[in-house]
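Work through the exercises below with the sequence and the 3D view at hand. Each task is followed by a solution in steps.

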Amino acid sequence: MIFETVTTTGGCRSYVIGCEATCAAALVDPELGQIDRYIALAARDGLRIRYLIDTHTHADHFSATQELARQLGVPVVMHTSSPAPFVDLRLRGGELLVIGKLRVQALHTPGHTRDSMCLCVEDRVFTGDTLLIGGTGRTDLPSGDAGALYESLFEGVLRLDPALKVFPAHEYKGRSHSTIGQELAENPRLQKSDRGAFIEIMHSLNLTMPTHVTEALRTNMTGGKTVAQMLSEASAGVPFMSLGELNARIESRSDDLIVLDVRERDAFEQGHISGALLLPRGQLELRVNEELTDPTRRILVYCEFGRVSTRWASTAPLR
Ligand SMILES: [Fe+2]
């Protein structure tokens with residue numbers, strides 16, 4: 001088996017698994033920020049990516065499955081209970097995915113999320129956020145359930161061959177993997193096999209929310225774009241102007257530019273670029289035809305941080 005681990009600074013792990021005989025491959029838990037790396041790794045090893053698998057709906061990072069599916073024309077694979085509408089292939093527990101000569105078996109392991117699954121292939125198991133090295137996934141995010149995680153672990157994953165190598169979706173201490181046997185022996189959360197005690201541990205963790213949790217859930221569950229994606233698409237389609245250039249044009253009193261302030265009125269009144277026209281973002285479509293009557297004039301849009309103005313500069317009424 002060809003195998004690569006891709007680690008990101010936040011501790012997220014994704015994996016490339018490939019069949020040596022046929023060069024077919026799959027990505028497990030790919031992240032949006034690592035797309036170029038996956039493509040490069042696959043090209044380096046002569047692999048053709050056939051499947052994009054998410055072990056569950058991620059709340060702490062943006063999944064790359066949908067974007068890669070669009071680029072590569074291959075299916076997104078998740079458990080059948082995933083809420084994401086763009087999933088092409090929905091697995092149930094016990095079902096197999098065929099990747100060349102590799103057989104990847106899905107285990108349904110709800111608890112961290114309702115749609116969590118672990119994937120067994122050859123000598124290893126990809127445990128997603130169900131089982132981590134020396135820990136488990138949290139159960140306090142949407143669709144998490146500590147009791148379900150107990151059952152998934154003690155009646156499922158932990159009954160697998162103790163020699164199986166464990167590759168989780170998160171690892172914060174740089175360890176490459178562990179084994180089921182090692183987790184049974186050393187994982188502090190698994191030392192009491194009493195259901196009630198396990199649930200109590202999970203309920204008393206008091207963890208802080210991951211950054212971007214709502215945005216990650218929204219995009220991963222619906223297939224919508226991240227804010228960064230929207231801004232990068234918008235900025236790719238509009239030219240920018242430096243403040244120095246703008247100053248020079250204002251000073252030369254050249255009349256070829258309309259300067260449009262898209263902030264709210266109170267911000268405008270506290271201070272604005274000389275000669276700017278106020279057209280707050282929420283009123284653009286309503287007032288564009290009355291306020292910007294000459295379609296041949298070049299419009300320069302600005303706001304406080306450059307995000308709102310970039311988005312609006314790329315929208316149809318101003319182009
Ligand atoms: Fe997770």
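## Exercise 1: The iron site

His56 is buried, with a relative accessible area of 1%. The model is a predicted one.

Task: Find which residues coordinate the iron ion, and with which atoms.

Solution.
1. The iron ion is held by NE2 of His56, NE2 of His112 and OD of Asp129, at 2.0 to 2.3 Å.
2. Along the chain, these donors follow the spacing H-x55-H-x16-D.
3. His56 lies in the loop between β4 (48-53) and α2 (65-72), while Asp129 lies in the loop between β10 (124-128) and β11 (131-132). The pair is 73 residues apart and links distant parts of the chain.
4. Asp129 also counts as buried, because its relative accessibility is 5% and the cut-off for buried is under 20%.

## Exercise 2: Overall form

Task: Decide whether the protein is a compact globule or more spread out than one.

Solution.
1. The protein has 11 helices and 17 strands.
2. Its radius of gyration is 25 Å, whereas the globule rule gives 20 Å for 319 residues. The value is well over the rule, so the protein is more spread out than a compact globule.
3. Along the principal axes, the C-alpha atoms fill a box of roughly 75 × 50 × 30 Å.
4. Of the 319 residues, 48% count as buried.
5. The exposed surface of the protein is about 16,000 Å², and carbon and sulfur atoms supply 50% of it.
6. Among contacts with a separation of 6 or more, 60% come from residues 24 or more positions apart.

## Exercise 3: The six-stranded sheet

Task: Give the strand order of the open sheet of six strands, and say which strands stand at its edges.

Solution.
1. The order is β7-β8-β9-β10-β13-β14, and the pairing is mixed.
2. β7 (96-99) and β14 (178-179) are the edge strands. Each has a single partner strand, so one side of each is left without a neighbour in the sheet.
3. Inside the order, β8 (residues 102-108) and β9 (residues 117-121) run antiparallel and are joined by four bridges.
4. Gln105 stands opposite Cys120 in β9.

## Exercise 4: Strand β2 and its two hairpins

Task: Describe how β2 pairs with β1 and with β3, and how many of its residues are buried.

Solution.
1. β1 (residues 2-7) and β2 run antiparallel, with six bridges between them. Val6 has Ser14 of β2 as its bridge partner.
2. Five residues separate β1 from β2 in their hairpin, and Gly11 in the turn has a positive phi of about 95°.
3. On to β3 (residues 24-28): four bridges pair this strand with β2, again in the antiparallel sense. Here Ile17 stands opposite Ala26.
4. The hairpin of β2 and β3 also has five residues between the strands, and Cys23 takes a positive phi near 65°.
5. Strand β2 (residues 13-18) is mostly covered, with six of its six residues buried. Arg13, Tyr15 and Ile17 point one way, and Ser14, Val16 and Gly18 point the other way.

## Exercise 5: The cysteines

Task: How many disulfides does a search of the whole structure find, and why is Cys12 not bonded to Cys118?

Solution.
1. The search finds zero disulfides.
2. For Cys12, the closest cysteine sulfur is that of Cys118, 16 Å away, which is too far for a bond.
3. The nearest cysteine sulfur to Cys19 is that of Cys23, at 7.6 Å, and Cys19 is in no disulfide.
4. Both of these unpaired residues are covered: Cys12 is buried at 5% relative accessibility, and Cys19 is buried at 4%.

## Exercise 6: Two covered helices

Task: Find which residues of α3 are buried and what covers them, then find what the buried residues of α6 pack against.

Solution.
1. In α3 (residues 146-154), eight of the nine residues are buried. They are Ala146, Gly147, Ala148, Leu149, Tyr150, Ser152, Leu153 and Phe154.
2. Their cover includes β8, β11, β12 (135-136) and α5 (195-203).
3. In α6 (residues 213-222), the buried residues include Val213, Glu215, Ala216, Leu217, Thr219 and Asn220.
4. The buried residues of α6 pack against α7 (227-236).
5. Just after α6, Gly223 has a positive phi of about 85°.

Technical notes:
Residues numbered from 1 in each chain as written. Predicted model: local features only at pLDDT ≥ 70, side-chain atom pairs only at ≥ 80, totals over all residues. Heavy atoms only, no water. Donors = N, O, S within 2.8 Å, 3.2 Å for Na, K, Ca; no water. Buried < 20%, exposed > 50% of the residue type's maximum accessible area, 1.4 Å probe, protein only. Pairing = 2+ DSSP bridges. Rg over C-alpha atoms; globule rule 2.2 N^0.38 Å. Contact = heavy atoms within 4.5 Å. Areas by Shrake-Rupley, 256 points an atom, 1.4 Å probe, with all protein chains shown as cover. Disulfide = S-S within 2.5 Å.
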